[in-house]
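Please find below my notes on the model, set out as numbered points for comparison with the coordinates.

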2 protein chains.
Amino acid sequence: MTAPPTTALGPASDLAQVFELAQQLRVDSVRASTAAGSGHPTSSLSAADLMAVLMTRHLRYDWDAPDDPAADHLVFSKGHASPLLYAMFKAAGAIGDDELMTTYRRSGHRLQGHPTPVLPWVDVATGSLGQGVAYGVGMALAGRELEGRSYRVWVLCGDSEMTEGSVWEALDKAGHHRLANFTALIDVNRLGQSGPTELEWDTSAYARRAEAFGCRAIVVDGHDLAAVDRALTTAADGQAPTVVVARTVKGRGVTEVADKNGWHGKPLPGDMADRAVAELGGVRDLRVRGPRPPEATPVSVTPARTGGPSSPPRYDVGDEVATRVAFGSALAALGASRPDVVALDAEVGNSTHAEDFRTAHPERYFQTYIAEQQMIADAVGMAVRGFRPYATTFAAFLTRAHDFIRMAAVSQIDMALCGTHCGVEIGADGPSQMGLEDLAMMRSVRGSTVLYPSDATSAVALTLAMADLDGISYLRTTRGAYPVLYADGESFPVGGSKTLRHGDHDEVTLVGAGVTVHECLAAAERLAADGVRARVVDLYSVKPIDTEAIARAARDTGALVVVEDHHPEGGIGEAVLSALATDARTRASAHPAFAHLAVTGLPGSGTSGELLDAAGISRSHIVRAARALVER
Amino acid sequence: MTAPPTTALGPASDLAQVFELAQQLRVDSVRASTAAGSGHPTSSLSAADLMAVLMTRHLRYDWDAPDDPAADHLVFSKGHASPLLYAMFKAAGAIGDDELMTTYRRSGHRLQGHPTPVLPWVDVATGSLGQGVAYGVGMALAGRELEGRSYRVWVLCGDSEMTEGSVWEALDKAGHHRLANFTALIDVNRLGQSGPTELEWDTSAYARRAEAFGCRAIVVDGHDLAAVDRALTTAADGQAPTVVVARTVKGRGVTEVADKNGWHGKPLPGDMADRAVAELGGVRDLRVRGPRPPEATPVSVTPARTGGPSSPPRYDVGDEVATRVAFGSALAALGASRPDVVALDAEVGNSTHAEDFRTAHPERYFQTYIAEQQMIADAVGMAVRGFRPYATTFAAFLTRAHDFIRMAAVSQIDMALCGTHCGVEIGADGPSQMGLEDLAMMRSVRGSTVLYPSDATSAVALTLAMADLDGISYLRTTRGAYPVLYADGESFPVGGSKTLRHGDHDEVTLVGAGVTVHECLAAAERLAADGVRARVVDLYSVKPIDTEAIARAARDTGALVVVEDHHPEGGIGEAVLSALATDARTRASAHPAFAHLAVTGLPGSGTSGELLDAAGISRSHIVRAARALVER
């Protein structure tokens with residue numbers, strides 16, 4: 001630290017001072033990554049001028065009060081440019097030079113290789129490229145539609161990530177919703193990780209694409225501070241969603257690496273770093289105090305309407321009701337008591353029954369059309385702003401958003417997902433529409449909850465419960481209508497199970513969830529007719545799992561048949577085995593005999609019954625498996 | 001069947017005859033879906049004119065010889081319009097009216113709800129919307145770059161699916177590669193599943209977008225046969241990738257449903273179907289014999305070069321080599337002996353070491369930039385054409401393509417995937433870059449093989465083995481360099497394992513894969529120093545798994561510690577438990593004591609060693625877990 005502190009920079013500072021700030025951001029990006037021994041300095045240098053102008057003159061933000069509801073939001077979609085972001089934190093006085101220089105990328109510290117919300121100035125984790133625009137769109141939508149606030153959302157993108165379809169899926173929505181509070185800045189520095197980008201410096205191609213997707217495009221020299229300032233002024237005029245296409249130079253300001261391939265993701269060696277800092281004018285200690293958020297005005301959002309049912313649906317035992325139907329009704333009722341609940345749909349609301357929510361609460365219902373990645377990103381953006389999203393599509397199509405779900409877990413988002421039409425049970429539509437991998441996907445999400453009701457009563461209870469769960473919760477629902485098993489008022493704690501049938505001398509336990517519970521019940525009847533006593537467990541909570549009930553059943557009966565409408569890997573059978581393996585009493589006693597019935601072949605079309613049977617998970621297969629265990 | 005067969009239609013037929021064919025396709029779409037009791041007749045009716053013109057005058061195809069290498073390809077991206085596709089099969093004489101009327105969507109039959117390659121005229125399964133364009137681009141790329149053939153690829157899209165980012169990710173590549181052999185037809189019928197589409201009949205918006213992404217756009221009235229014919233003639237002129245934007249009417253030709261909301265995915269009731277058939281002019285039995293494929297000309301593709309190493313790399317035991325490095329070297333060597341092997345990269349080839357293949361075989365290396373969905377779609381398209389793709393990116397980012405991988409399994413594609421940078425082992429880059437869900441994802445893919453080498457020698461052997469495996473195989477590689485454990489020449493059968501350390505009186509078995517094998521070996525040393533005898537198993541084949549070796553170890557030692565750099569759900573621990581649960585001898589004997597060490601917390605940045613330790617999967621944690629089991 002050789003330079004003395006200078007006067008704080010603010011909106012009134014002239015561009016010569018902003019240039020000094022940009023150079024400081026460059027210097028600190030170089031210093032931090034060299035000190036860490038890894039990181040992406042050249043990707044930071046290209047965007048330093050953009051960010052210097054933004055934070056000094058346009059980003060309305062109080063770094064001491066990052067939760068101010070009126071504050072703008074900044075998303076670093078190019079999360080690898082974290083040295084630049086953290087240099088901005090330092091320039092804002094949010095962190096000190098010591099933290100930047102000694103903790104970046106180090107174990108146990110918050111300045112990670114890519115930004116995550118462990119930092120109070122970061123809303124969403126980035127680092128999986130192509131996601132920042134999508135989250136920004138979600139936040140901008142929340143601000144305008146749900147909060148009625150005037151904050152703006154700014155997203156810094158790399159040019160390499162513009163080849164991700166998800167970026168265009170998101171910009172389509174920026175255009176569709178006319179999100180005038182949204183601005184993306186593309187740092188077109190021409191060089192990707194391993195070579196030139198697809199479009200290199202063809203800034204007009206980026207502009208044509210942005211405009212074709214309904215956004216306003218402004219092409220600028222990203223190192224011309226006045227031009228950048230004009231572009232951001234225009235972007236903030238409240239007229240249109242805007243994409244600023246900034247032609248930049250990777251490694252700008254450091255002759256040895258500027259516009260040179262082979263320097264992506266590499267810190268400068270110490271001697272090069274010293275020369276770079278010197279070339280950039282040395283270490284500075286400028287402090288930025290940019291525009292403040294507008295005074296927190298009374299929120300003008302449309303008040304939650306009281307339309308729709310205010311109490312959850314009730315069903316009579318024996319009635320045939322699909323769990324997806326019960327989900328839709330419950331969600332609509334939940335919306336009446338919980339104004340923070342919002343519903344998101346990927347153009348299948350009449351199949352998933354999410355449309356019940358639209359009928360009751362149209363102001364909190366978001367149609368993303370067939371765009372599952374954006375649906376999840378919208379949900380994340382709304383969750384960041386304090387809402388409780390329920391995002392719904394076919395279970396199979398949630399796989400399209402796997403990477404967004406994975407990153408939402410890194411962002412520690414609380415949200416509910418519902419996947420309908422799971423398994424071969426769906427029947428005639430065939431394998432493309434069958435969710436047969438979703439339990440594996442959702443169980444493997446860190447901190448997730450996975451629920452799978454077998455009847456309408458439990459579907460209602462679990463739908464309501466999801467509104468208060470931490471992390472990402474998942475409800476798996478079934479297409480067909482099956483008898484209601486539980487009386488209204490029954491409780492379904494997360495982590496519990498229901499033993500639907502049991503006796504003193506049960507010889508085998510049949511464990512199912514969803515549709516296979518009904519198959520297990522039918523199988524138990526048949527077994528009883530033959531004198532075989534079977535216990536039946538409804539494992540409606542797949543994660544967390546009711547280890548105690550399963551272990552007790554294993555000890556009591558000595559034999560388990562687990563049946564699931566899912567591939568065998570990562571689903572209910574393996575969840576049960578994991579539970580038993582970690583249960584101390586099971587480990588001390590003899591392990592139960594075990595049969596696992598799951599979908600292993602490639603299904604086709606047919607009726608539900610035919611397909612359950614063809615997959616080997618129907619009542620007749622359960623009877624056979626149970627008998628084999630009992631007779632062993 | 002009331003109408004007599006008429007003269008066959010062909011390229012010389014006039015448009016009045018083509019109109020009769022279109023009406024026949026409509027009639028049969030209505031009849032088939034009504035007979036099945038489900039299906040999407042209105043979505044078929046809108047595109048019937050497009051397909052009648054295509055199959056009569058432009059699609060160069062011999063329905064008796066679908067494998068003709070010179071034949072054009074047709075992908076129904078809107079797979080729900082299967083009644084139309086199957087009506088085309090009937091018009092071509094490929095199937096009979098009886099099959100269409102009595103087997104559509106029925107159990108055990110090939111005319112499934114959405115088309116799959118169990119039909120010889122279908123290349124790829126569709127039904128997950130937004131994928132057909134991507135596969136078409138892959139096939140067009142294979143035709144031009146790998147086969148040197150002049151076939152054309154035609155893709156029929158719905159308008160609803162144009163909101164999927166994957167479509168634009170694909171069209172970007174059609175433009176980038178200037179794929180003049182590629183044409184997409186968008187059936188803009190304005191109505192989606194649950195209401196109007198986002199862009200409704202704004203055909204110029206679709207055209208602007210297609211042009212912005214480098215394609216030629218032609219807007220037509222999709223029911224004006226002459227206009228459609230001109231558009232397809234232009235599309236086939238070999239000048240540019242083309243998007244035909246066809247304004248159509250959903251339910252066209254049937255007054256009761258035409259352009260009416262609420263008729264998506266619903267067969268017409270019997271009486272309505274009768275009226276519809278009458279309005280459409282009744283049942284016909286026209287036969288189409290369209291243009292034939294060009295004579296199979298000698299393929300002009302660049303012959304495989306002999307550049308690069310021709311024998312696989314060899315490593316000395318003890319050398320420190322990253323498995324990703326060994327993978328790249330092995331792949332490059334494989335390319336020399338296997339001209340069908342191609343490599344695909346998502347702009348991380350210098351990290352994954354896929355770039356070694358580019359150096360050796362640039363003509364079979366495809367850079368998809370940061371576009372994982374398109375990378376998988378290119379691989380699928382190339383596999384359809386008989387090539388053996390190796391598609392590689394970070395394990396974490398393969399989640400972006402989960403739905404494409406899922407559908408590739410429905411298409412029964414043979415291909416190899418490699419995910420690098422798995423687990424917390426990657427260190428400073430942080431959780432966004434860590435593959436911690438990939439084993440769960442890839443194990444749950446039907447028919448998959450999952451391999452996870454711990455050293456360079458096994459990485460080479462498994463990379464080579466993947467070239468001959470059926471289905472989708474996955475290789476998980478590690479960022480860091482670790483000692484070579486196996487001498488050159490060691491064999492690594494798929495489904496096997498290696499017992500790296502064992503004795504006559506082992507008290508506990510440590511099971512690892514990848515980096516945790518090295519931790520297990522170090523733990524075994526420490527345990528030995530304390531007098532605890534530990535066996536160490538390298539589970540390099542996660543699926544299929546070496547049940548015999550695991551069960552034997554369980555019996556011999558009575559205690560297993562499974563350690564994995566992955567979330568606990570769906571990974572190696574659960575694979576081991578599944579193997580034990582289905583092993584007859586294990587079930588008959590006492591079950592082993594079991595400890596499962598996996599990544600449960602949210603990791604940050606740090607060194608590999610720090611992060612393995614913080615996640616509880618390092619040698620010291622293994623020692624502690626083993627000791628607890630032994631002392632129980």
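1. In this predicted model, Gly558(A) has a positive phi of about 75° and sits just after helix α20 of chain A. The helix itself spans residues 547-557, and its buried residues are Ala549(A), Ile550(A), Ala551(A), Ala553(A), Ala554(A) and Thr557(A).

2. Turning to the contact between the chains, helix α8 of chain A and helix α8 of chain B, each covering residues 203-212, have axes that come within 9 Å and cross at roughly 160°. Because an angle over 145 degrees counts as roughly antiparallel, α8(A) is described as roughly antiparallel to α8(B). The crossing in which α8(A) passes α8(B) is left-handed.

3. Which residues in α8(A) and α8(B) meet? On the chain A side they are Arg208(A), Arg209(A) and Ala212(A), and on the chain B side Arg208(B), Arg209(B) and Ala212(B). Sorted by class, this contact of α8(A) with α8(B) comprises four charged and two nonpolar residues, with no polar ones.

4. The largest nonpolar core holds 248 residues, and those with the most contacts inside it are Leu510, Val561 and Val576 of chain A together with Leu510, Val561 and Val576 of chain B. Taking Val576(B) as an example, and leaving aside its neighbours within four places in sequence, this residue is in contact with Val511(B), Leu539(B), Ile545(B), Ile550(B), Leu560(B), Val562(B) and Phe594(B).

5. There is also a second, separate core of 53 residues, and among its members are Leu21(B), Leu84(B), Leu111(B) and Val288(B).

Note on methods. Residues are numbered from 1 along each chain as its sequence is written. Chains are lettered from A and ligands numbered from 1 in the order in which they are written. This is a predicted model: local features need pLDDT of at least 70, side-chain atom pairs count only at pLDDT 80 or more; totals for chains, interfaces and linings use all residues. Side-chain values use heavy atoms; hydrogens and water are left out. Axes are lines fitted to C-alpha atoms, for helices over the stretch in contact, and angles run from 0 to 180 degrees between N-to-C directions. Helices (H or I, at least four residues) and strands (E, at least two) are DSSP runs, numbered from the N terminus. Angles under 35 degrees count as roughly parallel, over 145 as roughly antiparallel, 65 to 115 as roughly perpendicular and the rest as oblique. A crossing is left-handed if the near helix is turned anticlockwise from the far one by less than a right angle, and right-handed if clockwise. Contact means heavy atoms within 4.5 Å. Ala, Val, Leu, Ile, Met, Phe, Trp, Tyr, Cys and Pro count as nonpolar, Asp, Glu, Lys and Arg as charged, and the others, Gly among them, as polar. A nonpolar core is a set of buried Ala, Val, Leu, Ile, Met, Phe, Trp, Tyr and Cys residues joined through side-chain atoms within 4.5 Å. Buried means under 20% relative accessible area, exposed over 50%, partly exposed in between (1.4 Å probe, protein chains only).
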